[in-house]
Amino acid sequence: MEKRTFFDQEISLLGLGTMRLPVKNGEKGEIHREAASAIFDYALRHGINYIDTAYMYHNGNAEAFTGDILSQYDRKSYVLATKMPAWLAHSEAGIERIFEGQLKKLKTDYFDFYLCHNLNIPYYPYFKKYKALEYLARKKEEGLIKHLGFSFHDTPEVMKQFLTDFDWEFGQIQLNYLDWEMQKAKEQYQLLTDKKLPVIVMEPLRGGALATLCPDAVTHLKKTHPTKTLAALGLRYAAQLPNVMTVLSGMSTIEQLKENIETMDHFAPLSKEEQKDLDIALALYKENKMIPCTGCRYCDGCPQGVDIATLFEINNHYRLGGSTWTYVQEYESVTASAHEDNCTACGKCVEKCPQGLDIPALLAETGEMIKEAYRNN
C-alpha cells in the first residue's frame, strides 16, 4: 500500500471510511457485522492503516462497531479518526459527554486524528457556544488527541475565516474531479496547502456517482482507456495532489475494497491523456443534468417527512437513461408521506446540505418529472 509521511507517521494513501459499511435489510443503522468485519480485516491486512468514523454514522452505530473490530488489533497498527458534532451536544457538558462516550465506544485511550465535524456557517456557532474548541484543545494537551482538525462543507471564503480562529493541524474536504471547480475544492485545497495543513480527501467518487457517471461518459472512457475503471481514475485524481495525506473511501463490498487497494498499491498520477479524457467524460456527465447529491443524508429529518436523498437517487437513475416504468415503480416504493409534494420549502434541509443544493427547487423539479413520467407511462 502506498504510504505518505505526515506528522512523522506513515499513513496509507487509501483510508477506510465507515459511513457506507454493508447493512442488513437496507437499514442504515443495522450494520452487517460479518460482511463489515471482513472489510476491516482485509483492509488492515493489506496495508490500510487510516480508519475514519464519526458519531453520526450508521445512526450512531458505526463507532461502537468500529471499536469492537479494532480492539482485536494492535493499537499501534492503525490510525484512528473520529469527529465532534457540536450541534448535537446541546450544552458544554454535552461536548464532554460525546467525547468521553467516543473513547468508550471506540475502546481506545486516545484519538490519532480528531475533527470538528461539518464545520460550516450553520454549525460553527455551536462549536463557539458550547466552547468545543477550548475543550478539545485541553484534550490535546492531555494527550487524548494527537492531531486536531476539521471536516469542511462550505465556501473558500468561509474557510478563510475559520482558518484564523484556531490553531488547526489538518483539514478534511470534499475533493474530486467534479467538485474541483463546482464546489471550489481547488481553492479549499490551496488554502490548506498555503497554511501547510495536510489535506484529507472525502467523497473522492462523490458517493459513488463518479464510479458510474453516465452512459456517454462511460462509453468514452472505456473506448480510450479500456483497462481502467472509473473508480480507479477518480481515486488517482484526488491522490495525485502532493499535500493529500489520505483519500477516504466508504467501501461497501470486498470487491470495491480490493479494486481500490490495487489502485493504491500501484499508484500513479494521471497521465495528460487520462486527464484530458476525464475532462471530456465530465463534460458529458454534466450534460446529463444530474442532481449532484452524494447520498450523505445530512438532510434527513425533514419536518414534513420528505425522503430527499431517496427521491433524488430515483430521479438520477431516470436521468441516466432509466425507463419511465422503472421510475414510476421506484417512486411508488417510497411511502406517499415521504414524497416531494409534502415539501413546504422551509429551507431546513438547505442549511444542512454539504453540497449547498437548493433542495426545495430540486424537489419541485422532481415533482414535475414524475408527473410527466406518469403521463407517459
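**View 1. Strands β6 and β7 run side by side in the parallel sense, paired over six bridges.** Welcome to the first close-up of this predicted model. Strand β7 covers residues 145-152, and the bridge partner that Phe111 finds there is Ile145. On the β5 side, β6 has another parallel pairing, this one over four bridges. Strand β5 spans residues 79-84, and its residue Ala81 has Phe113 of β6 as bridge partner. To follow the chain from β5 to β6, look for helix α4, residues 92-105. Together, β5, α4 and β6 form a β-α-β unit of the right-handed kind. How many of the nine residues of β6 are buried? Nine of the nine are, so this strand, residues 111-119, is largely enclosed by the rest of the structure.

**View 2. Thr18 sits in a loop between a strand and a helix.** The strand before this loop is β3 (14-17), and the helix after it is α1 (33-45). Is Thr18 buried or exposed? With a relative accessible area of 0%, Thr18 is buried, because anything under 20% counts as buried. Two polar partners are worth picking out here. The Thr18 side chain reaches the backbone oxygen of Asp52 at 2.9 Å, and it also makes a polar contact with the side chain of Thr53, again listed at 2.9 Å. Leaving out residues up to four places away in sequence, Thr18 touches a set of residues that includes Phe40, Ile51, Ala54 and Tyr57. His58, Ala62 and Thr66 are also among the residues that Thr18 touches.

**View 3. The second largest pocket holds about 260 Å³ of space.** Its lining is made up of 19 residues. Which of them lie nearest the centre of the pocket? They are His153, Asp154, Thr155, Gln183 and Pro354. For orientation, find helices α7 (156-163) and α16 (348-352), each of which supplies at least two residues of this lining.

**View 4. The largest cavity encloses about 110 Å³ of space.** Lining this cavity are 16 residues, and those closest to its centre are Cys302, Pro303, Ile308, Cys346 and Cys349. Helix α16 makes an appearance here too: with three residues, α16 gives the most to the lining of the largest cavity. In total, the structure holds two cavities of 30 Å³ or more.

**View 5. Helix α11 is largely enclosed by the rest of the structure, because ten of its ten residues are buried.** This helix covers residues 230-239. As you move along α11, the buried residues include Leu230, Leu233 and Leu235. Arg236 and Tyr237 of α11 are buried as well, and so are Gly234 and Ala239.

**View 6. Ile370 is a buried residue of helix α17.** Helix α17 spans residues 359-376. The relative accessible area of Ile370 is 3%, under the 20% limit, so this residue counts as buried. Which residues are in contact with Ile370, once its neighbours within four places in sequence are left aside? Look for Tyr327, Val328, Tyr331 and Glu340. For a sense of scale, try Asp265 as a reference point: Ile370 and Asp265 are 105 residues apart along the chain, and their C-alpha atoms are separated by 44 Å.

Terms used:
Residues are numbered from 1 along each chain as its sequence is written. This is a predicted model: local features need pLDDT of at least 70, side-chain atom pairs count only at pLDDT 80 or more; totals for chains, interfaces and linings use all residues. Side-chain values use heavy atoms; hydrogens and water are left out. Buried means under 20% relative accessible area, exposed over 50%, partly exposed in between (1.4 Å probe, protein chains only). A polar contact is a pair of N or O atoms within 3.5 Å; within protein, one must be able to donate a hydrogen and the other to accept it, and residues adjacent in sequence count only if both atoms are side-chain atoms. Contact means heavy atoms within 4.5 Å. Two strands pair if DSSP finds at least two bridges between them. A crossover is right-handed if, with the strands pointing away from the viewer, the path from the first strand over the helix to the second runs clockwise. On a 1 Å grid over the protein atoms alone, a cavity is a set of points where a 1.4 Å probe fits but cannot get out, and a pocket is an open set with protein on both sides within 12 Å along at least five of seven lines; lining residues have an atom within 4 Å of a point. Grid points are joined across faces, edges and corners, and a volume is the space filled by probe spheres set on the points.
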